[in-house]
Amino acid sequence: MEDPLIDAARQVRENAHAPYSRFKVGAAIDSVEGRRHLGCNVENVAYPEGTCAEAGAIAAMIAAGDRRIASIAVIADSPDPVPPCGGCRQKIAEFADGDAPVTLATTGGKVLRTSVAELLPGAFTVGHMDRA
Ligand code: THU
């Protein structure tokens, strides 16, 4: 595949721990600071304790010392590109501008290009907490 961010997400997807859903997901972030960070879903027998691939990639970015998402790609083995869950949309919005590209891909080669603001219009942001 020609998109290196999708390729990175595809590779880390292989490491997912998804024995319950059998649905492996990979995510890759290029940070504004210029590094790439990877995440995969990590499920748990106590199902709500599982974490999404996007959350893993964000945690890796923050732990590495970077602070902003320039671009994120997510890939799964699905008929159509899988949109991030609601919680992950909020997590991504915490660290990205609205116009940051979000690339959703399937292992079969379908690609949907969208943005943070398209995925979470009207996002709750820190600006909403400003008090005059
Ligand atoms: N999942 C992700 O990791 N990211 C998404 O965008 C959609 C869903 C995971 C959570 C769970 O481990 C499995 O996919 C099935 O929902």
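This briefing looks at model confidence and then at three residues, R22, A73 and S78. The model is predicted, so local features need pLDDT of at least 70 and side-chain atom pairs count only at pLDDT 80 or more, while totals for chains, interfaces and linings use all residues. Residues are numbered from 1 along each chain as its sequence is written, and side-chain values use heavy atoms, with hydrogens and water left out.

**Confidence**
- The protein chain has a mean pLDDT (the predictor's confidence in each residue, from 0 to 100) of 96, and 98% of its residues reach 70 or more.
- Helices (DSSP H or I, at least four residues) and strands (E, at least two) are numbered from the N terminus; confidence is lowest in helix α3 (residues 86–94), at a mean of 97, and highest in strand β2 (residues 36–40), at 99.

**R22**
- You will find R22 in the loop between α1 (4–13) and β1 (25–31).
- Its phi is near 55 degrees, a positive value in a residue other than glycine.
- R22 is exposed (over 50% relative accessible area, 1.4 Å probe, protein chains only), at 71%.

**A73**
- Strand β3 (residues 69–76) holds A73, which is buried (under 20%) at 1% relative accessibility.
- Beyond four places in sequence, A73 has contacts (heavy atoms within 4.5 Å) with L5, I6, A9, G26, A27, A28 and T103.
- Between the C-alpha atoms of A73 and T107, 34 residues apart along the chain, the separation is 12 Å.

**S78**
- S78 sits in the loop between β3 and α3 and is buried, with 12% relative accessibility.
- Its side chain reaches the backbone oxygen of D80 at 2.7 Å.
- Neighbours within four places aside, S78 is in contact with F23 and T106.

Note on methods:
Polar contact = N/O pair within 3.5 Å; in protein donor to acceptor, adjacent residues only side chain to side chain.
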